[in-house]
Amino acid sequence: MRHNFSRANQSCKQEFHNKLNSILSSVNLTESCGNCNDIFCQNALHRVSLENYSVQLLDALEEAAGCLPQSGGSSDRQTDHNHPIPGWNESVRPFKNEAVFWHQLWCSAGRPNASQSHLLHLRRVSHLQYKYAVR
């Protein structure tokens, strides 16, 4: 799951903005690193300082995003193995097994392209049949 700023209402966006400003006020870049103008700088202390600063910025964003709505991910039903999808074994599994078989055969043949082998066509057809059965 990830946070979705575009789905947030105005009050959530304002809360995110306020939280982020508050957290970022405590994040500091070391002065020596902040004043370095050498784009090819090899100073190990500067590198470590920049890495720490980046981690602090990402942590601040993640913490402030807690008030934003989330999107993406999968439903509980898809991830819950204790509640399988009814009819999967009867309707979909044969197509999946066939698609896996043709894919493995195609891979074991060195993944030939369409001009060299009929295996690619069989692999594609079985894959499409499997995807259609899933719907």
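Accessible areas here come from the Shrake-Rupley method with a 1.4 Å probe, and for residues only the protein chains shown count as cover. This is a predicted model, in which local features need pLDDT of at least 70 and side-chain atom pairs count only at pLDDT 80 or more, while totals for chains, interfaces and linings use all residues. Residues are numbered from 1 along each chain as its sequence is written, and side-chain values use heavy atoms, with hydrogens and water left out.

**View 1. The whole chain, with its six helices and two strands.** Helices (H or I, at least four residues) and strands (E, at least two) are DSSP runs, numbered from the N terminus. Going along the sequence, you meet them in the pattern β-α-α-α-β-α-α-α. The chain exposes about 10500 Å², and carbon and sulfur atoms supply 52% of that. Of its 135 residues, 19% count as buried; buried means under 20% relative accessible area, exposed means over 50%, and partly exposed is in between (1.4 Å probe, protein chains only). As for contacts (heavy atoms within 4.5 Å), 68% of those between residues at least 6 apart in sequence join residues at least 24 apart.

**View 2. The largest nonpolar core, ten residues in all.** A nonpolar core is a set of buried Ala, Val, Leu, Ile, Met, Phe, Trp, Tyr and Cys residues joined through side-chain atoms within 4.5 Å. The members here are Ala8, Cys12, Phe16, Leu20, Ile23, Ala60, Ala64, Ala65, Cys67 and Leu68. Helices α1 (10-24) and α3 (44-64) each supply at least two of them, and α1 gives the most, with four residues. In soluble globular proteins, nonpolar side chains tend to be buried together. Zoom in on Cys67: setting aside neighbours within four places in sequence, Cys67 is in contact with Cys12, Glu15, Phe16 and Lys19.

**View 3. Helix α1 and its buried side.** α1 has 15 residues and reaches 21 Å from its first C-alpha to its last, close to the 21 Å expected at 1.5 Å a residue; the expected span is 1.5 Å times one less than the number of residues. Cys12, Phe16, Leu20 and Ile23 are buried in α1. They cover an arc of only 65° around the axis, so they sit on the same side of the helix; the arc is that of the directions from the helix axis to the C-beta atoms. An α-helix has 3.6 residues a turn, so residues three or four places apart point the same way. On the other side of α1, Gln10 and Ser11 are exposed. The cover over the buried residues of α1 includes α3.

**View 4. Leu24, a residue of helix α1.** Leu24 counts as partly exposed, at 31% relative accessibility. Beyond its neighbours within four places in sequence, Leu24 is in contact with Leu57 and Ala60. Leu24 and Asp59 are 35 residues apart along the chain, yet their C-alpha atoms are separated by 9.9 Å.

**View 5. Helix α3, with its N-terminal end capped by Asn43.** In the cap, a side-chain oxygen of Asn43 lies 2.8 Å from the backbone nitrogen of Leu45. That is a polar contact, meaning a pair of N or O atoms within 3.5 Å; within protein, one must be able to donate a hydrogen and the other to accept it, and residues adjacent in sequence count only if both atoms are side-chain atoms. The 21 residues of α3 should span 30 Å at 1.5 Å a residue, and the end C-alpha atoms are indeed 30 Å apart. His46, Ser49, Ala60 and Ala64 are buried in α3. Those four cover an arc of only 60° around the axis, which puts them on the same side of α3. Ala44, Leu58 and Glu62, on the other side, are exposed.

**View 6. Helix α5, and Ser126 in helix α6.** In α5, Val92, Ala99, Trp102 and Trp106 are buried, and what covers the buried residues of α5 includes α6. Ser126 is itself buried, at 2% relative accessibility. Not counting residues up to four places away in sequence, Ser126 touches Phe95, Glu98, Ala99 and Trp102. A polar atom of the Ser126 side chain also lies 3.0 Å from the backbone oxygen of Arg123.

**View 7. Arg111, in the loop between α5 (88-108) and α6 (119-134).** Just after α5, Gly110 takes a positive phi of about 90°. Arg111 has a phi near 55°, a positive value in a residue other than glycine. Arg111 is exposed, with a relative accessible area of 52%.
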